[in-house]
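Reader: I would like a close look at a single part of this structure, taken slowly and with its surroundings included. Please begin from the sequence and the model themselves.

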Amino acid sequence: MFVSYLILTLLHVQTAMLARPGGESIGCDDYLGSDKVVDKCGVCGGDNTGCQVVSGVFKHALTSLGYHRVVEIPQGATKINITEMYKSNNYLALRSRSGRSIINGNWAIDRPGKYEGGGTMFTYKRPNEISSTAGESFLAEGPTNEILDVYMIHQQPNPGVHYEYVIMGNNAISPQVPPRRRPGEPFNGQLGAEGRGPEEREEKERHEEKEDLRGKAPEIFTPEAAQTFSVRHPDRLSPHRPDNLVPPAPHAPRRSRDHNWKQLGTTECSTTCGKGAQYPVFRCVHRHTHEEAPESYCDSSMKPTPEEEPCNIFPCPAFWDIGEWSECSKTCGLGMQHRQVLCRQVYANRSLTVQPYRCQHLEKPETTSTCQLKICSEWQIRTDWTSCSVPCGVGQRTRDVKCVSNIGDVVDDEECNMKLRPNDIENCDMGPCAKSWFLTAWSERCSTECGAGVRTRAVVCMTNHVSSLPLEGCGNNRPAEATPCDNGPCAGKVEWFAGSWSQCSMECGSGTQQREVICVKKNADTFEVLDPYECSFLERPPSQQSCHLKPCGAKWFHTEWSMCSKSCQGGFRVREVRCLSDDMTLSNLCDLQLKPEERESCNPQDCVPEVDENCKDKYYNCNVVVQARLCVYNYYKTACCASCTRVANRHGGFLGSR
């Protein structure tokens, strides 16, 4: 009794010293005043040499989409940390060497949380805040009991994955963290052990009670049992494991074989479905009447240890597991955001992903939604176009374009979509600075062989680059394009007669017209049709001509190609290309994709030197002379003239001299 009192007194003093500021601390070795701590290897008082920290960064450039292995985590690894360098659209995945997927396997992305695998618990984190730049991570204390592989589901450039874990070294010492002390337990021999021992008679009674308890099957507490035996119905019991520690009563009655421990029911199941746990409840009852008695009437050391029993093992109903919304696809204006919705089922305290049809009794939540973080700024045209910078020819004009917020303030251009910015500068064409009529000479022949006809010429209004007259246009005084002519009377003459032209084959642009042409002989009042050979000595009028009813738009015109810049070994030639409207004036309405090339390559063939009939090889083996570099001597240069000349031309005409 004195020893017990001494132990309790010392424990009380020690507790007071620990609670008092400035009191001596207890090290990891459980000694007062010790300053030993557990190192990163888990060794009390260690110097971090008992283990090895393995770390690195996976920076490989990946090209194909899918799973790529990052690092292998060996068996026995602790302090595991796998973290992306910064946020990306990639995902980390974890799989055991046996092929079992632990996190993000089979192209199914799991929600952040805790996942058991490899004998330890992994914490999967995936920051989803818009402002966060942190990447995904796996964290686990370990140790692992098998080899694990970390993978990356590659979808965009690899930002880098940092990995780190601790493994025990060859000279490592097993972690020496002492177990948790129970109240009253001495400090490593600093306090003397309490000298107490059971009496032989009590030991014998406990042995007999154990034999008696083993010989009877435990009775399950049910309502029917409550009616059969006059026992007190227990209150609603908590699902956790009952406490077996029974404090000794100060004046406990003498224990006898008249009372023993008996199972009277079980605790409530820890879950309503998906495999929970419950424990048997043992009460002290009279051996014969089965009436419940105070626990002090039974030997506490003989009380059976409640063992866990499974209950409600049927699966829980499937449910939709809703993930967090992704970032909005647009920083302003109407965008889209997505979230992951998986059908899951809970069993054995684990949430498993199952086929979606198991959730068909529930309405599936939306996986996409519209979002708008703020109203976008927009472009506003503040002024009209200015006048052209030149009075004639091609110049430029400008206008004021600003980015304006939704409250009307002018902000930086970056706040608006640069792809939608209106032009604030453009070219303007004020027309040629001087114009005049360009004429061709009159045609030499009259339109008819006899009788009245006309002679024609071409008339075009174009820019006059020679004259400096300030003409604004060619005006309405267009020169005549036809003048009358007469080759005398047509009586008795043979000539070609042309009928009326048919309609133009095209409604716009260039087309063709047809007409009938016959050989006739004109008398005083009549025409006689002759065979065409009778008019063969005359130029036959065309039976087809081009026609143009109305303009179809501007077209590209080009000149002939110039001479090639080189006669061999690749040169180039050029031509001038202009966009002209139907009235042959410059226009900017042509399709740029149809613009003819203004420059092209030409004469790509190799240059062939001129053959000198007097320069020939006199011997069949002149190639040996060239290989021996004997062409520098006049004799060999003459005897193997053709071969030596080819070598000289190939080397730019340079021959070494001796």
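Which residues of β9 lie on one side and which on the other, and are they buried or exposed?

Author: This is a predicted model, and what follows should be read with that in mind. In strand β9 both faces are covered: L148, V150, M152 and H154 point to one side, D149, Y151 and I153 to the other, and all of these residues are buried. In a regular strand, side chains alternate between the two faces of the sheet. Seven of the seven residues of β9 are buried, so the strand is largely enclosed by the rest of the structure.

The setting of the strand is an open sheet of four strands, which follow one another in the order β2-β9-β4-β5 with antiparallel pairing. The edge strands are β2, residues 66–73, and β5, residues 101–103, each of which pairs on one side only. Neighbouring strands in this sheet are turned against each other by 30° on average, with direction ignored.

In this order β9 stands between β2 and β4, and each of these pairings can be followed residue by residue. With β2, the strand β9 pairs in the antiparallel sense over seven bridges, and here V71 has V150 as its bridge partner. With β4, residues 91–96, the strand β9, residues 148–154, pairs over six bridges, again in the antiparallel sense. On that side L94 has V150 as its bridge partner, while A93 stands opposite Y151. V150 is thus a bridge partner of V71 and also of L94.

Y151 deserves a longer look, since the residue also takes part in an aromatic contact. The structure holds three aromatic pairs. In one of them, the ring centres of Y67 and Y151 are 6.5 Å apart and the planes stand at 75°, so the pair is edge-to-face. This pair links distant parts of the chain, with Y67 in strand β2 and Y151 in strand β9, 84 residues apart. The two partners differ in how they are covered: Y151 is buried, with a relative accessible area of 14%, whereas Y67, at 30% relative accessibility, counts as partly exposed. The cut-off matters for this reading, because a residue is called buried under 20% relative accessible area and exposed over 50%.

For comparison, another aromatic pair is formed by Y635 and Y636, which is edge-to-face as well, with 5.2 Å from centre to centre and 75° between the planes. Of these two tyrosines, Y635 is exposed, with a relative accessible area of 54%, and Y636 is partly exposed, with a relative accessible area of 30%.

At the other end of the strand order lies β5, and the loop between β5 and β6, residues 113–117, contains D110. D110 is buried, with a relative accessible area of 10%. Leaving aside residues up to four places away in sequence, D110 touches I102, I103, N104, Y115, Y124, R126, Q340, R344 and T353. Of these contacts, I102 and I103 fall within the residue range of β5. The C-alpha atom of D110 is also separated by 8.7 Å from that of L342, although the two residues are 232 places apart along the chain.

Taken together, β9 is paired with β2 over seven bridges and with β4 over six, and its residues are buried on both faces.

Definitions and conventions. Residues numbered from 1 in each chain as written. Predicted model: local features only at pLDDT ≥ 70, side-chain atom pairs only at ≥ 80, totals over all residues. Heavy atoms only, no water. Pairing = 2+ DSSP bridges. Helix = DSSP H or I, 4+ residues; strand = E, 2+ residues; numbered from the N terminus. Axes fitted to C-alpha atoms, helices over the stretch in contact; angles between N-to-C directions. Buried < 20%, exposed > 50% of the residue type's maximum accessible area, 1.4 Å probe, protein only. Contact = heavy atoms within 4.5 Å. Phe/Tyr/Trp six-rings, centres within 6.5 Å; stacked < 30°, edge-to-face > 60°.
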